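Got your viewer ready? Let's walk through this one together, one selection at a time.

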Amino acid sequence: MELGLVGLGKMGRNMRERLRRAGHTVVGYSLEPAVSDVHSLKEMVDRLAAPRVVWVMVPAGAATQSTIDQLAELLSPGDIVVDGGNSRWTDDQRHAEELGAKGIGFLDCGVSGGVWGLEEGYALMYGGEAELVARVQPVFDALKPEGSSGAVHAGKVGAGHFAKMVHNGIEYGMMQAFAEGWELLESVDAVTDVREVFRSWQRGTVIRSWLLDLAVRALEEDEHLDRLRGYAEDSGEGRWTVEAAVEHGVPLPVITASLFARFSSRQEDSPQMKMVAALRNQFGGHAVEAVEAKE
């Protein structure tokens, strides 16, 4: 099928390639001419046969709102917009109403997979009407990992981004646990090879996981993470998870503590945040801050 894809950053470009490998026609638009297939949103829309499906993969907030506002004027009744960025789930209902007033369908889709998604596939969590999901299903099937799992119709509009938000909150807690364990191991003289301890956990233990594999990969590249500054950003979804927990009266002590630990990284060169920064770089290609060269 044909798909318009708005936003060709790290994930967007790889998603375009994975869809094309699956035989789909993708017309991509980016503000970066070097990677864009067209020169404008209008040209992208014009090149798609109706009824159209346009997937938005731009930063949450103002960029997503601006893109949806423009698409609302360019698309026609019967077309569908899929927001695959990391939008706040509370924005989805508004977007659905704005587009719905013009007869345009809307789906929200949380996407996980980072820089590895091209080869491994993307975990997808989508929300919206079943009829709209069915029309976009060939795209979901091409992006998801092989096998019966890796994608879910999570529920109504907003459910996809809510599920992805909770996923990222859990991710915060898991990364923080690995980071704390790594710092403790590094602090004890009796343990002489922390990297190999982490490597030994990859087989037979109950904490073996992709995050553990990525931690080992990071330690192979920089055994004591000496080249990293202990600073890690938060994407916003950790905050939204904690806010949702407060709103619904659900206790989230681990996720909340891991979010606050990110804040502490901005006050000093935290050893734990070296590991969190390394993990974020490994799975998502997120930027890291290098230690400044000493004179």
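A whole-structure search turns up 17 salt bridges, where a salt bridge is a side-chain nitrogen of Lys or Arg within 4 Å of a carboxyl oxygen of Asp or Glu. Before you click on any, know that this is a predicted model, in which local features need pLDDT of at least 70, side-chain atom pairs count only at pLDDT 80 or more, and totals for chains, interfaces and linings use all residues. Residues are numbered from 1 along each chain as its sequence is written, and side-chain values use heavy atoms, with hydrogens and water left out.

**Stop 1: a pair within one helix**

Select R94 and E98, which form a salt bridge with their closest N and O atoms 3.7 Å apart. Both sit in helix α4 (residues 89-100), and because they are four residues apart there, about one helical turn separates them. Helices here are DSSP runs (H or I, at least four residues), numbered from the N terminus. R94 is partly exposed, with a relative accessible area of 35%, and E98 is partly exposed too, at 30%. For these labels, buried means under 20% relative accessible area, exposed means over 50%, and partly exposed is in between (1.4 Å probe, protein chains only).

**Stop 2: the neighbour of α4**

Keep α4 on screen and add helix α3 (residues 62-74): the two axes come within 10 Å and cross at roughly 15°. That makes α3 roughly parallel to α4. The axes are lines fitted to C-alpha atoms, for helices over the stretch in contact, and the angles run from 0 to 180 degrees between N-to-C directions. Angles under 35 degrees count as roughly parallel, over 145 as roughly antiparallel, 65 to 115 as roughly perpendicular and the rest as oblique.

**Stop 3: a link between two helices**

Now pick E220 and R199, a salt bridge whose closest N and O atoms are 2.6 Å apart. E220 belongs to helix α9 (residues 210-221) and R199 to helix α8 (residues 194-200), so this pair ties together parts that are 21 residues apart in sequence. E220 is partly exposed, with a relative accessible area of 44%; R199 is partly exposed as well, at 28%.

**Stop 4: one buried partner**

Jump to R239 and D234, where the salt bridge has its closest N and O atoms 2.7 Å apart. Which of the two counts as buried? D234 does, at 10% relative accessibility, while R239 is partly exposed, with a relative accessible area of 36%.

After that pair, go for a group: select R195, E196, R199, E220 and E223, which are joined into one network by salt bridges that share partners.

**Stop 5: helix α7**

Show helix α7 (residues 159-187) and find I170 in it. I170 is partly exposed, with a relative accessible area of 44%. Together with V166 and M174, I170 makes a nonpolar surface patch of about 220 Å². Patches are made of residues with over 30% relative accessible area and no salt bridge, with like charges joined within 9 Å and nonpolar side chains (Val, Leu, Ile, Met, Phe, Trp, Tyr) within 5 Å.

Then add helix α12 (residues 271-284), which packs with α7 at an angle of about 130°, their axes 8 Å apart. That makes α7 oblique to α12.

**Last stop: a long distance**

Finish with D193, in the loop between α7 and α8. D193 is partly exposed, with a relative accessible area of 28%. Draw a distance from its C-alpha atom to that of R88: the two are separated by 42 Å and are 105 residues apart along the chain.

Methods
Areas by Shrake-Rupley, 256 points an atom, 1.4 Å probe, with all protein chains shown as cover.
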